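Colleague: Got a minute to walk me through this one? I'd like to start with some vocabulary.

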Amino acid sequence: GRSWYAEKLIEFYSKHDPARVSQVEAQLAEHKGPKEELMKKVHIKYGVPYLMECAAPPSEMRCTVYDFYLVHNRDKLVNVETIVEHSKGREDELIRQLHDRYDVERTTAAKQIKSYFSWRPFYHEKLCEFYRQHNPSKLESI
């Protein structure tokens with residue numbers, strides 16, 4: 001069967017560039033970096049809002065690391081999938097390392113993330129806009 005990324009790219013290209021659907025497997029094979037990075041580049045190229053949900057199946061750990069980097073180091077956002085994958089079975093250690101590396105206490109980090117999202121209410125509207133266009137069935141869960 002096809003990989004999760006192949007399915008997502010086929011779905012994406014079916015909407016935005018149907019001629020590229022037949023090239024998905026080759027595109028994935030040629031891409032040397034993290035697949036999440038490829039997904040982000042494709043979205044940017046076609047001017048489609050990129051949300052992490054587009055890139056990989058969500059997990060609580062992935063969302064936690066994504067939220068942490070969203071506040072503390074946006075340059076690392078494209079590496080979230082790889083970072084979480086390399087820490088499988090050692091999730092607590094990863095969280096401790098992140099907090100140590102960025103010199104942030106866990107409770108402080110949680111407050112910063114909550115604060116970040118509370119003053120950015122337009123993200124909710126952006127999510128709604130994205131799901132209206134790409135996956136209306138998810139609107140109820142936002």
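Modeller: Sure. Buried means under 20% relative accessible area, exposed over 50%, and partly exposed in between, with a 1.4 Å probe and protein chains only. This is a predicted model: local features need pLDDT of at least 70, side-chain atom pairs count only at pLDDT 80 or more, and totals for chains, interfaces and linings use all residues. Residues are numbered from 1 along each chain as its sequence is written, and side-chain values use heavy atoms, with hydrogens and water left out.

Colleague: Is Asp103 buried or exposed?

Modeller: Asp103 is exposed, because its relative accessible area is 73%.

Colleague: What is the phi of Asp103?

Modeller: Positive, about 50°, although Asp103 is not a glycine. Most residues other than glycine have a negative phi.

Colleague: New topic. How many aromatic pairs are there in the whole structure?

Modeller: Seven. Rings of Phe, Tyr and Trp (its six-membered ring) pair if their centres lie within 6.5 Å; planes under 30 degrees apart count as stacked, over 60 as edge-to-face, the rest as tilted. Trp4 and Tyr5 are one edge-to-face pair, with centres 5.8 Å apart and planes at 85°.

Colleague: How exposed or buried are Trp4 and Tyr5?

Modeller: Trp4 is partly exposed at 30%. Tyr5 is buried at 11%.

Colleague: And what about Tyr13 and Tyr46?

Modeller: They pair edge-to-face too, 5.9 Å centre to centre, with 75° between the planes. Tyr13 is buried, at 1% relative accessible area, while Tyr46 is partly exposed at 23%.

Colleague: Which residues form a cluster through ring pairs?

Modeller: Phe12, Tyr13 and Tyr46.
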